[in-house]
Amino acid sequence: MDTLLSAYQRLLTEVARDLHAACGALEFASTLGVQVPALTTYDPASPPNGNLTWFELPVYENDQAIAHLRLGFDPGMPLPDPEEQRLAHALVELAVLVNRARTQQASAHQASRRILAVTEEELQRVILDIHDGPVQKLFAASSQLELAAGLVDQVPEELRAPLEAQLARVAGLLQLSLNEIKLTVGSMRPPEFRRRPLVSVLQGLVIQHQALTGQRVQLRVQGEIPPVSLPVKIAVYRILQEGLSNAYRHAKVDSLDVRLSREDDWVILDIADEGAGFDPPLLEGPAGTELEEHIGLRGMRDRAELVGGHFRLTSIKGQGTHIQVRVPGDV
Ligand SMILES: Nc1ncnc2c1ncn2[C@@H]1O[C@H](COP(=O)(O)OP(=O)(O)O)[C@@H](O)[C@H]1O
Ligand SMILES: [Mg+2]
């Protein structure tokens, strides 16, 4: 039982005892679809028999009963007086409010995690659309251009040279566009997250990064890495992707180290380079120095925190940068 539920349980026991009830139950209506189990001072498998007089105190919010406190009294025991009822009511109301805040938070958190996965699916669709649409058309345009180039010797001699130069420029631009799309789309293409385990998708990313940039990445996997949920897998993948991209674009190093390890129930990702380094922006607090354009760093931190993890960045100018991300394993 979590801390909050055991606090409710203590509250219920206290209220029942103070009012000299033989037993009690606190039932929550489902709020935001999250069901909190009813709490009882008796074994729910063998509820008390029918000799008790039940006293019921509903808790309302906007005319809707959102919880019920039920107290069972032995025959002859006095039922709670109005003062006692008010006190019990206030206590139960407080418990319900706390519970509501908690379920709302839990549901927002679940939604954020779902959005991570949905975003990936959308990204996959966008990439497919680019591949099937503009890329195919650019290829088609390239081959049309080749055909046109083959016809050049049929135009009057004085036009050939400028026409050839013009065609070559267009062909060069087409090729450049194709290369740029290949680089962006290629590096953003999500792997099959659902089917492949974390280590495998990270290995794939590292191989791809090395091929695209020529930078060497030493990837070490230490110990048995526990399975992780889909949102965690996506978060770690995208964080490493941004870390590698930063190491390439900003650190200016030939090689860097990436380590995946385990500590208790946590999976830990370390990305370290001995490159240019920088003064890391303070991401939070009144002295925060985060810049609007630091989307990459912010995205890394947000992704880690969204899945219940932690993000730490240390960097020293001229010495290098170290990023550590801890995310929960599915254990
Ligand atoms: N590994 C790194 N080495 C050196 N500088 C870095 C590194 N990572 C990030 N930076 C610095 O932090 C800034 C913000 O990074 P980021 O938020 O990823 O944005 P972007 O990569 O688009 O510039 C970078 O512009 C760069 O100055
Ligand atoms: Mg970046």
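**Sheets, helices and ligand shell of the predicted model**

Asp264 is exposed, with 7 other C-beta atoms within 10 Å, where exposed denotes 12 or fewer such atoms within 10 Å of the residue's own, buried 20 or more, and partly exposed a value in between, the C-beta atoms being placed from the backbone. The model is a predicted one, in which local features need pLDDT of at least 70 and side-chain atom pairs count only at pLDDT 80 or more, whereas totals for chains, interfaces and linings use all residues. Residues are numbered from 1 along each chain as its sequence is written, and chains are lettered from A and ligands numbered from 1 in the order in which they are written.

Asp264 lies in the loop between E6 and E7, the helices (H or I, at least four residues) and strands (E, at least two) being DSSP runs numbered from the N terminus. Although Asp264 is not a glycine, its phi is positive, at about 50°. The two flanking strands form a hairpin with two residues between them, and Asp264 belongs to its turn. Seven bridges join E6 to strand E7 (residues 266-273) in an antiparallel arrangement, and within this pair Leu260 has Leu269 of E7 as its bridge partner.

The hairpin strands belong to an open sheet of five strands with mixed pairing, ordered E5-E6-E7-E9-E8, two strands being taken to pair if DSSP finds at least two bridges between them. Its edges are formed by E5 and strand E8 (310-316), each of which pairs on one side only. Neighbouring strands of this sheet are turned by 10° against each other on average, with direction ignored. E5 and E6 pair in the parallel sense over six bridges, with Gln218 opposite Asp257 in E6. By contrast, E7 and strand E9 (residues 320-328) are paired in the antiparallel sense over eight bridges, and Ala272 has His322 of E9 as its bridge partner.

Two helices lie across this sheet. H4 lies across E5 and E6 and runs at about 165° to E5, whereas H6 lies across E8 and E9 at about 150° to E8; these angles run from 0 to 180 degrees between N-to-C directions, with axes fitted to C-alpha atoms, for helices over the stretch in contact. Helix H4 (residues 198-213) has 16 residues and reaches 22 Å from its first C-alpha to its last, close to the 22 Å expected at 1.5 Å a residue, the expected span being 1.5 Å times one less than the number of residues. The buried residues of H4 are Leu198, Val201, Leu202, Leu205 and His209. They cover an arc of only 100° around the axis, which puts them on the same side of H4, the arc being that of the directions from the helix axis to the C-beta atoms. Ser200, Ile207 and Ala211, on the other side of H4, are exposed. The buried residues pack against strand E5 (216-221), helix H5 (230-251) and strand E6 (255-263), contact requiring C-beta atoms, placed from the backbone, within 7 Å. Just after H4, Gly214 takes a positive phi of about 80°.

In the loop between H5 and E6 is Lys252, which has a positive phi of about 60° although it is not a glycine. With 11 C-beta neighbours inside 10 Å, Lys252 counts as exposed.

Of the 16 residues around ligand 1, Asn246, His250, Ala251, His294 and Gly296 come nearest, a residue being near if its C-beta atom, placed from the backbone, lies within 6 Å. The elements that give two or more residues to this shell are H5 and helix H6 (295-306), and H5 gives the most, with six residues.

A further open sheet has four strands in the order E2-E1-E4-E3, with antiparallel pairing. Strand E2 (39-40) and strand E3 (53-61) are its edge strands, each pairing on one side only. Nine bridges join E3 to strand E4 (residues 64-73), the two running antiparallel, and Phe55 stands opposite Leu71 in E4. Helix H1 (residues 3-18) packs on this sheet, where it touches strand E1 (23-28), E2 and E4, and its direction makes about 140° with that of E1. Helix H2 (residues 82-150) also packs on the sheet, touching E1, E3 and E4, with its direction at about 50° to that of E3.

Pro80 lies in the loop between E4 and H2 and is buried, with 20 other C-beta atoms within 10 Å. Not counting residues up to four places away in sequence, Pro80 touches Leu19, Phe55, Gln85 and Ala88. Pro80 and Met300 are 220 residues apart in sequence and 56 Å apart in space, C-alpha to C-alpha.
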